[in-house]
Amino acid sequence: VYIMQIAPSILSADFGNLAEAVRVVDHAGASRIHIDVMDGLFVPNLSFGPQIVEVLRKVTDMPLEVHLMVQNPENWVEPFAEAGADVIMVHVESTPHIHRALTLINQSSAKSGVVINPGTPVSAIDMVLPIVQQVLVMTVDPGFSGQHFIPENLAKIDELVTIRDRNANLNFDIEVDGGVNAERIEAVARYGADIAVAGSAVYDGGDAAANLKHLKELIR
Ligand code: DX5
Ligand code: ZN
C-alpha cells in the first residue's frame with residue numbers, strides 16, 4: 001500500500017471538452033489537476049495561459065498545480081496566482097534567479113515548487129529546498145505528453161527522500177512527471193514519490209475514469 005496521489009495532466013485531454021475532462025477524473029478519485037504551461041521557447045510547444053486556470057477553478061475544488069515551462073517565469077507568477085493556481089512550479093533551468101522566482105511565488109497566494117529536467121542533478125536545487133513545498137522530478141524532457149519514461153531519474157526520488165529525512169526544516173512533497181503509466185507507476189510509488197503526474201495514461205485511449213482507477217489499483 002502506497003500513499004501516492006495522482007495528478008492527471010490535462011495536456012493529454014480533449015481541449016474541446018476540458019471542463020468535462022476535469023470533472024471525470026475528479027469523480028474517479030484524482031487528487032489534483034496538473035496544468036502544463038508552455039511558451040514555445042523554453043520548450044518546443046505551446047499550451048495554456050492563465051485563462052484556462054480561471055475557467056477550471058470554477059469546475060473543481062481540487063488543487064490546481066501549474067507547471068511553468070516558460071522563459072522569464074517571474075512574469076507569470078502573479079497572473080497565474082490571481083487566476084486561482086494553488087501551486088506554481090518553476091524549472092531551475094528556466095531562470096538565473098530561481099530563488100527570486102520561488103520567493104515571488106511564496107509571497108503570492110500559491111504554494112511553490114521547483115522542477116528539474118532529466119539532465120539536471122538534485123544538487124542544482126539544494127539551496128532552494130528550504131523555501132519550496134514541492135519538488136518536481138521530470139522523467140521525460142518536457143514539451144509533450146506521451147513520451148517514454150527515463151528510468152535513471154528514479155534515483156533522484158531516493159536522493160530527495162534521504163535529504164528530506166535528514167533535515168527537519170525541509171517538508172516538500174516529491175512529484176514525478178513524464179511517462180508515468182501502468183508499467184511505471186508502482187516503481188514511482190516504491191521509490192517514495194508523494195505525487196505522480198499522468199497525462200496520456202489517463203486521457204489517451206478509452207475511458208479516463210477507468211484508466212485512472214486502474215492506475216490507482218496498481219499502487220494499492
Ligand atoms: C511534459 C509535461 C507532462 C506531460 C505528461 O512536458 O510536463 O506533464 O503532460 O504526460 P505523460 O504522462 O503522457 O508523459
Ligand atoms: Zn508537467
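**Group meeting: helix packing, sheet and ligand shell**

Helix H1, residues 18-27, packs with helix H8, residues 208-218, at an angle of about 40°, and their axes are 9 Å apart. Angles between 35 and 65 degrees are neither roughly parallel nor roughly perpendicular, so H1 counts as oblique to H8. Their crossing is right-handed. On the H1 side, the contact is made by Ala21, Val24, Val25 and His27. On the H8 side, Ala208, Ala209 and Leu212 take part. By residue type, this contact between H1 and H8 has 6 nonpolar residues, 1 polar and no charged. I should say at this point that what you see is a predicted model.

Next, the sheet. How many strands does the open sheet have, and in what order? There are 8 strands, and reading across the sheet they go S1-S8-S7-S6-S5-S4-S3-S2, with parallel pairing. The edges are strand S1, residues 5-8, and S2, each of which pairs on one side only. Direction ignored, neighbouring strands in this sheet are turned against each other by 25° on average.

One pair in some detail: strand S7, residues 173-177, runs parallel to S8, and 2 bridges join them. If you want to find this pairing on the screen, look for Glu175, whose bridge partner in S8 is Ile195.

Now the helices that lie on strands. Helix H2, residues 50-57, lies across S2 and strand S3, the latter being residues 64-69. The direction of H2 is at about 170° to S3. Helix H4, residues 98-107, lies across strand S4, residues 87-91, and strand S5, residues 111-116. Relative to S5, H4 runs at about 150°.

Last, the ligand. Which residues are closest to ligand 1? They are Ser9, Pro142, Ser145, Gly199 and Ser200, out of 22 residues that surround ligand 1. Three elements give two or more residues to this shell: strand S2 at 33-38, strand S8 at 195-198 and helix H7 at 200-203. The shell around ligand 1 divides into 12 polar residues, 8 nonpolar and 2 charged.

To tie this back to the sheet, S2 is one of the edge strands, and S2 also gives two or more residues to the shell around ligand 1. S8 contributes to that shell as well, and S8 sits between S1 and S7 in the strand order.

Terms used
Residues are numbered from 1 along each chain as its sequence is written. Chains are lettered from A and ligands numbered from 1 in the order in which they are written. This is a predicted model: local features need pLDDT of at least 70, side-chain atom pairs count only at pLDDT 80 or more; totals for chains, interfaces and linings use all residues. Axes are lines fitted to C-alpha atoms, for helices over the stretch in contact, and angles run from 0 to 180 degrees between N-to-C directions. Helices (H or I, at least four residues) and strands (E, at least two) are DSSP runs, numbered from the N terminus. Angles under 35 degrees count as roughly parallel, over 145 as roughly antiparallel, 65 to 115 as roughly perpendicular and the rest as oblique. A crossing is left-handed if the near helix is turned anticlockwise from the far one by less than a right angle, and right-handed if clockwise. Two residues are in contact if their C-beta atoms, placed from the backbone, lie within 7 Å. Ala, Val, Leu, Ile, Met, Phe, Trp, Tyr, Cys and Pro count as nonpolar, Asp, Glu, Lys and Arg as charged, and the others, Gly among them, as polar. A residue is near a molecule or strand if its C-beta atom, placed from the backbone, lies within 6 Å of it. Two strands pair if DSSP finds at least two bridges between them.
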